[in-house]
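Please read the following as a guided walk through one protein model, taken a step at a time. It may help to keep the view open while reading.

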Amino acid sequence: MARLIGGIGTSHVPAIGAAIDRGKTQEPYWKPLFDGVRPVRDWIEQVRPDVCIVIYNDHASRFDLSVIPTFAIGVGAEFAPHDEGYGPRPVPPVVGDPALAWHLTESLILDGFDMTIVSDLTVDHGLTVPLSLVYGQPQAWPCRVIPLCVNVIQYPPPTGERCYRLGQALRRAIESYAPDVTVAVFGTGGMSHQLQGERAGLINREYDLRWLEGFVHAPEELLKIGHAEYLRETGSEGIELVMWLIMRGAMDPKVREIHRFYHVPVSNTAYGMVILEND
Ligand code: DHB
Ligand code: FE
């Protein structure tokens, strides 16, 4: 049977991708960040998942206001990096796992989560930056990837609670897949940040750290946080944190924390990472 071997939460700041692509990771601005995330490289090398389910949001790249799926899953065989204005990132194409993706789709929909099914999908920094953080710069990504894309761009995004419940359904879906594959789930985005408007540059370290502590040890307590609190406390783009709750819902209520790291600033943003295993 398929087995969930762990979860990674990580911000997906595009400047991190640019720093990796341009060989700047050892520069003074970037070194503390890349030193802090180093344990994820060692962890992934150890556990080597066959498949990574990457929960991310599309930033008006593949989807725009003409079509806004709340929850979408990529069932294609390959997903090219999207050109976000500076040419596509020089990273390998993302190879999918159509058989598992269709299984997850069927299981999730029959379990009450009406996924949008996407065959033709390009992926932006929301998905490719986490892969680069975790795997570095390989010739080919060493895992198959299933993109699970969440609307956090256009109000109303799904609630944190709904995301957590989707994660629980995702766990059931993974564990009902007969082939013997190992799976890791990535929850991406956040931490506190606001990219535009009067509060641009907002970073709320205290709130982020408290949220991370709850995320690891008492996730059910985060489920009552509504959109207004995320916006007020973490800025307009801090709402991306609801995507981490999908990963957390997929994990056991009680987890082993392998690594936690928080760093400010990365670009205009707070950066957070956790690595979890089921206890
Ligand atoms: C930025 C963009 C993001 O999508 C994000 O999650 C964090 C930061 C940025 O443009 O700096
Ligand atoms: Fe983002």
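A polar contact, as the term is used here, is a pair of N or O atoms within 3.5 Å of each other. The model is a predicted one, and with that in mind the walk can begin at ligand 1. An oxygen atom of ligand 1 is found 3.2 Å from an N or O atom in the side chain of His193, and an oxygen atom of this ligand also lies 2.7 Å from a polar side-chain atom of His125. For Glu240, the distance between an N or O atom of the side chain and an oxygen atom of ligand 1 is 2.8 Å. Taken alone, ligand 1 would expose 290 Å², of which the protein buries 86%. The place where ligand 1 sits is the largest pocket, and the residues around the ligand include Val13, Pro14, Leu195, Ser267 and Thr269, together with His12, His59 and Glu240.

Which protein residues act as donors to the iron ion, ligand 2? They are His12 and His59, each through NE2, and Glu240 through OE, at 2.0 to 2.2 Å from the ion. Along the sequence these donor residues follow the spacing H-x46-H-x180-E. Because His59 belongs to the loop between strand E2 (51-56) and strand E3 (71-74), while Glu240 belongs to the loop between helix H7 (227-234) and helix H8 (242-250), the pair ties together parts that are 181 residues apart in sequence. As for their surroundings, His59 is partly exposed, with a relative accessible area of 22%, whereas Glu240 is buried, with a relative accessible area of 4%.

His125, already met beside ligand 1, leads on to helix H4, which spans residues 125-135. Since 11 of the 11 residues of H4 are buried, the helix is largely enclosed by the rest of the structure; among these buried residues are His125, Gly126, Pro130 and Tyr135. At the start of H4, a side-chain oxygen of Asp124 comes to within 2.9 Å of the backbone nitrogen of Gly126, and just after the helix Gly136 adopts a positive phi of about 75 degrees.

The last stop is Ser192, which is located in the loop between strand E8 (182-188) and helix H6 (205-217). Is Ser192 buried or exposed? With a relative accessibility of 0%, Ser192 counts as buried, and its side chain is joined to that of Asp208 by a polar contact of 2.7 Å.

Key:
Residues numbered from 1 in each chain as written. Chains lettered and ligands numbered in written order. Predicted model: local features only at pLDDT ≥ 70, side-chain atom pairs only at ≥ 80, totals over all residues. Heavy atoms only, no water. Donors = N, O, S within 2.8 Å, 3.2 Å for Na, K, Ca; no water. Helix = DSSP H or I, 4+ residues; strand = E, 2+ residues; numbered from the N terminus. Buried < 20%, exposed > 50% of the residue type's maximum accessible area, 1.4 Å probe, protein only. Near = heavy atom within 4 Å. Polar contact = N/O pair within 3.5 Å; in protein donor to acceptor, adjacent residues only side chain to side chain. Areas by Shrake-Rupley, 256 points an atom, 1.4 Å probe, with all protein chains shown as cover. 1 Å grid on protein atoms, 1.4 Å probe; cavity = no way out; pocket = protein on both sides within 12 Å on 5 of 7 lines; lining within 4 Å. Sits in = over half its atoms within 2 Å of the grid points.
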